[in-house]
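This briefing is meant to be read with the structure open. Please look at it before going through the points.

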Number of protein chains: 2
Amino acid sequence: MNTYHHSTEADVAEAIVSQLQARGLRRTAALRNLIREMVAHPAPGAIAHWAGLPSLRELNSVTLYRLMMKLEQADVVRGVHLGERAQCFQLIQPGPQPDYLVCTNCGDLQPVEAPAELRQMEQQLARQSGWQGVRHELEFFGLCPDCTAPHTEDQVHSTAR
Amino acid sequence: MNTYHHSTEADVAEAIVSQLQARGLRRTAALRNLIREMVAHPAPGAIAHWAGLPSLRELNSVTLYRLMMKLEQADVVRGVHLGERAQCFQLIQPGPQPDYLVCTNCGDLQPVEAPAELRQMEQQLARQSGWQGVRHELEFFGLCPDCTAPHTEDQVHSTAR
DNA sequence: GTAATTGCAAATACTTTGCCACGTA
DNA sequence: TACGTGGCAAAGTATTTGCAATTAC
């Protein structure tokens, strides 16, 4: 489910946890389980999504919010805005981060490769106008094939992506 | 403050109201004042921003939400996600809609011209994968020059915008 | 032992809904 | 008159904070 070479998911997860530990975080069950789940499921998901996974069911979602914020500050995780409601989080992957095509009806997600031009624009904006740490976020919204067919079945307003 | 030719802002606002009236909306003070403000201030703003403007101070913000939804459905207004918190709304302008560079500290906003390539991608995605009504949303995030200078003055966590 | 972490309760922020009075056409 | 609209109260959803108990190191 991920693209690391010669490493199991468990190895990758442990490496990330160690990296975080070196940064001052503690090797708790909550942290380990969260990282394992995020390694196993690289697609972005809202807090409610992660909170619903088996190994995280017993975790208070406040803890998830706090953990996620730390992971974001440590550049291990990034937040993306794919729905109107909740922010989604995903593990940062090597190389350029994916952007997404999102179904506004069912929340279906499809990765999309952003034009390299956007990355150039980030640097250009930084140079030209003195902004720092410029990054972009790009989403495409539309109706997926399943939701395009008119009044076929009921609409899904899933909370957890 | 806008780019319509040979028309005052008041004219433009009235034209939009009439267009909405033809669609079944009623020519109420709330609608007229909101449209006037949005014509006068084309930049995107959160509900709280619009609610704070002089002519809308006395308006219940629930009404603003409801109005804004109708305007969005009528393609007179569009919503954009510029902050973590509230959705922002702006009048739809003739031609391609602007994208923005947003300061993650103070919320400062700078319009940016998106690559034409993105518009091609929208159509390409629609054709290739059977999605309908594909549109994009692009934001650049960073620290503006004012907020770049370290610990100069206090942080502004403005609610409106 | 010390500092980070967790859970619980509560607060905050944003948005939506129900219901009834009122205004526009 | 009839239906869209506006206000108020309340509910709903997402997120954050305070504080005390617990746990990692």
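What follows covers the contact with a DNA strand and then the contact between two chains.

The model is predicted. In it, 23 residues surround DNA strand D, and chain B meets chain A through 35 residues from each of the two chains. The area buried between chain B and chain A is about 3,000 Å².

**Surroundings of DNA strand D**

- Of the 23 residues that surround DNA strand D, the closest are A:Gln21, A:Arg26, A:Tyr65, B:Thr28 and B:Arg66.
- Among the atoms of DNA strand D that come within 4 Å of the protein, sugar and phosphate make up 62%.
- By residue type, the surface near DNA strand D has nine charged, seven polar and seven nonpolar residues.
- Helix H4 (61-73) of chain A and helix H4 (61-73) of chain B each supply at least two residues of the surface near DNA strand D.
- The largest share of that surface comes from H4(B), with four residues.

**Polar atoms close to DNA strand D**

- An N or O atom in the side chain of B:Arg26 is 2.9 Å from a base oxygen of DNA strand D.
- A:Arg66 has a polar side-chain atom 3.4 Å from a base oxygen of DNA strand D.
- For B:Asn60, a polar backbone atom is 3.3 Å from a phosphate oxygen of DNA strand D.

**Contact between chain B and chain A**

- Carbon and sulfur atoms give 64% of the area buried between chain B and chain A.
- On the side of chain B, the residues that lose the most area to chain A are B:Trp131, B:Phe140 and B:Phe141, which together account for 23% of what that side buries.
- The rule finds zero salt bridges across the interface of chain B and chain A.
- Six residue pairs are found in polar contact across this interface, both residues being at pLDDT 80 or more.
- In chain B, the elements that give two or more residues to the side touching chain A are strand E4 (99-103), strand E5 (109-112), helix H5 (116-129), strand E6 (132-143) and helix H6 (145-148).
- E6(B) gives the most to that side, with 12 residues.
- The side of chain B that touches chain A divides into 16 nonpolar, 11 polar and eight charged residues.

**Strand pairing across the two chains**

- Strand E6 (residues 132-143) of chain A pairs with E6(B) in the antiparallel sense, over nine bridges.
- Within this pairing, A:Gln132 has B:Leu143 in E6(B) as its bridge partner.

Definitions and conventions:
Residues numbered from 1 in each chain as written. Chains lettered and ligands numbered in written order. Predicted model: local features only at pLDDT ≥ 70, side-chain atom pairs only at ≥ 80, totals over all residues. Heavy atoms only, no water. Near = heavy atom within 4 Å. Polar contact = N/O pair within 3.5 Å; in protein donor to acceptor, adjacent residues only side chain to side chain. Nonpolar A, V, L, I, M, F, W, Y, C, P; charged D, E, K, R; others polar. Contact = heavy atoms within 4.5 Å. Buried area = accessible area lost by both parts, 1.4 Å probe. Salt bridge = Lys/Arg side-chain N within 4 Å of Asp/Glu carboxyl O. Pairing = 2+ DSSP bridges.
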